[in-house]
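Trainee: I've just opened a structure I have never seen before, and I'd like to learn how to read it. Could you walk me through it?

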Amino acid sequence: MERPQDYVLRRVTERGVRLVRLWFTDVAGQLKSFAISPAELEAAFEKGMVFDGSSIEGFSRIAEEDMVAQPDPETFELMPSSGSDDATARMFCDISGADGTPFSGDPRGVLRRVMDRAHAAGFTFYVAPEMEYFLFEPERANGIPVPLDSGSYFDLTTADISTDIRHRTLSALEAMGIPVEYSFHEDAPSQHEIDLRYDDALTMADSVMTFRLLVREIAFERGVHATFMPKPLAGVQGSGMHTHLSLFSEGRNAFSDPSKPDGLSEVARGFVAGLLTHAREITAVTNQLVNSYKRLVAGYEAPVAISWARSNRAALIRVPPTRTSGEESTRVEYRAPDPACNPYLAFAVMLAAGLRGIEQGYTLPPETPPSITGYSDHGGPAYGHNLPSSLAEALDEMEGSALVAETLGQHLFRWFLRNKRREWAAYQTQVTQFELDNYYASL
């Protein structure tokens, strides 16, 4: 049977690939890349590629600067053509120290470790994120982003640049083996959503990183600015990354139990209870920017109360109705994350919280009652408190969390807190337009 690395070497030769881009992410979730020629590929598989880790945010101290990027042949894909004759491919890498020891601060490694724990318990973790983003004119007007359109939910246009960009994005995703379930215009002006079809969490985190790059590159080629900033415009809803989660065991959906009135198994109930219990602790990871908390406010279709429901979209966790085709579609939707998160770390802490609920037999409280509007702020009886309202509050919760420290590892846990507290301190020194508009003339 052909080894994955042999398949890659053969494909590189057959397709005339001139450059292979090796990708990995820093702790903040920024994509990093360097290119090698096909002549170096075999050696890269055998020994990895050495690079200076001290130049990557959150990786190593100066005294520990040598790191090794080990390409994962299972992630090999040809990049969409940019119009040149030179074929390019990409692979994601796992990061280790110079001695070959897996690097504890590698976000991809963090997710892999938690998934290994799930595998040891008999589970495979699947996720399906709904990716929301905005398209804007390249230049801002008085500092404010300028939307390309004034459309709303599911608006259909045939000749505008936004629709063309979205169609080209779908074609590029398909070419790279990333299946899409839905795509449409979202509620806010120039806001779009593309829902990725479910996959195991590690593959999906790789896909999210690829997705964000493709969206920005395709928009840039058309002279448009794409952003995954959670709240780029005041007065309209922000961009979320609602994430559908499920566990499978021996090929069956472990969340499904048709004998129960709500169709949820004890595994699912424990998983949801774990997410609810640890929601405040993991929010700094799923919503890592100062700007993230401008989205998590009441009235803009984003969760505030820590609760679960089937028919109240204000709840943090929603249990979507299952399709009539079978039980495999049973899942839960965690609605807090935004698309600026590091997907490896976000998926890792969500899985860790859910597993903790299963392992320790957490009790799921009653669901949030439905409301006429579907957006009641009412919290569940046992979880009537809210998500953190600022990055500072979220970091305080995270700092006291044994679950997050264990999941991320001490290296990454300490770096994340230190870096994000610097971000909050820098934000506190800013004087905003809101303050000038409301206080300057009257005081």
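**Reading the structure step by step**

Mentor: Let's begin with one residue. Arg3 has a relative accessible area of 45%, so it counts as partly exposed. Keep in mind that this is a predicted model.

Trainee: What does the side chain of Arg3 meet in a salt bridge?

Mentor: Its partner is Asp6, with 2.9 Å from N to O. Asp6 is partly exposed too, at 29% relative accessibility.

Trainee: Before more details, how many helices and strands are there in the protein chain?

Mentor: The chain has 13 helices and 16 strands. It runs to 443 residues, and 52% of them are buried.

Trainee: And how do I read the contacts along the chain?

Mentor: Look at how far apart the partners sit in sequence. Among contacts with a separation of 6 or more, 71% are between residues 24 or more positions apart. As for the outside, the chain exposes about 20,000 Å², and 51% of that comes from carbon and sulfur atoms.

Trainee: Now the inside. Which residues touch the most other members of the largest nonpolar core?

Mentor: Those are Tyr334, Phe347 and Leu408, in a core of 94 residues. Helix H5, residues 201-221, gives the most to this core, namely 12 residues.

Trainee: Let me pick Leu408. What is Leu408 in contact with, leaving aside its neighbours within four places in sequence?

Mentor: Its contacts include Ser104, Val110, Arg113 and Val285. Leu345, Val349, Met398 and Phe413 are on the list as well. There is also a second, separate core, which has 21 residues, among them Val8, Leu22, Ala89 and Ile95.

Trainee: Back to charges. How many salt bridges does the structure hold?

Mentor: It holds 22. A good one to study is Asp94 with Arg112, where the closest N and O atoms are 2.9 Å apart.

Trainee: Why does that pair tie together parts of the chain?

Mentor: Because Asp94 lies in strand S6 (residues 87-97) and Arg112 in helix H3 (residues 107-120), the pair joins parts that are 18 residues apart in sequence.

Trainee: Are those two buried, partly exposed or exposed: what do the accessibilities of Asp94 and Arg112 say?

Mentor: Asp94 is partly exposed at 21% relative accessibility. With the cut-off for buried at under 20%, Asp94 falls on the partly exposed side. Arg112 is partly exposed as well, at 29%.

Trainee: Which residues do shared salt-bridge partners join into one network?

Mentor: The members are Asp72, Asp94, Arg108, Arg112 and Asp206. For another salt bridge, look at Lys260 and Asp257, whose closest N and O atoms are 3.9 Å apart. Lys260 is partly exposed, at 27% relative accessibility.

Trainee: Rings next, please. How do I describe a pair of them?

Mentor: You give the distance of the centres and the angle of the planes. In this structure, a search finds 13 aromatic pairs. One of them is Trp23 with Phe92, an edge-to-face pair at 5.5 Å centre to centre, with 85° between the planes.

Trainee: Where do Trp23 and Phe92 lie in the chain?

Mentor: Trp23 is in strand S1 (residues 17-25) and Phe92 is in strand S6, so to speak two distant parts of the chain, 69 residues apart. Trp23 is buried at 2% relative accessibility, and Phe92 is buried at 1%.

Trainee: Phe434 and Tyr439 form a pair too; what are the distance and angle there?

Mentor: That pair is edge-to-face, with 6.3 Å centre to centre and 90° between the planes. Phe434 is exposed, at 53% relative accessibility, while Tyr439 is partly exposed at 42%.

Trainee: Which residues form one aromatic cluster?

Mentor: Phe24, Phe34 and Phe51 do. A ring can also have a charge over it: the charged end of Lys231 sits over the ring of Tyr300, 4.0 Å from its centre.

Trainee: One last lysine: is Lys420 buried or exposed?

Mentor: Lys420 is buried, at 4% relative accessibility. It lies in helix H12, residues 410-428. Apart from neighbours within four places in sequence, Lys420 is in contact with Gln288, Leu289, Leu391 and Leu395.

Terms used:
Residues are numbered from 1 along each chain as its sequence is written. This is a predicted model: local features need pLDDT of at least 70, side-chain atom pairs count only at pLDDT 80 or more; totals for chains, interfaces and linings use all residues. Side-chain values use heavy atoms; hydrogens and water are left out. A nonpolar core is a set of buried Ala, Val, Leu, Ile, Met, Phe, Trp, Tyr and Cys residues joined through side-chain atoms within 4.5 Å. Buried means under 20% relative accessible area, exposed over 50%, partly exposed in between (1.4 Å probe, protein chains only). Helices (H or I, at least four residues) and strands (E, at least two) are DSSP runs, numbered from the N terminus. Contact means heavy atoms within 4.5 Å. Accessible areas come from the Shrake-Rupley method with a 1.4 Å probe; for residues, only the protein chains shown count as cover. A salt bridge is a side-chain nitrogen of Lys or Arg within 4 Å of a carboxyl oxygen of Asp or Glu. Rings of Phe, Tyr and Trp (its six-membered ring) pair if their centres lie within 6.5 Å; planes under 30 degrees apart count as stacked, over 60 as edge-to-face and the rest as tilted. A charge sits over a ring if NZ of Lys or CZ of Arg is within 6 Å of the ring centre and within 35 degrees of the ring normal.
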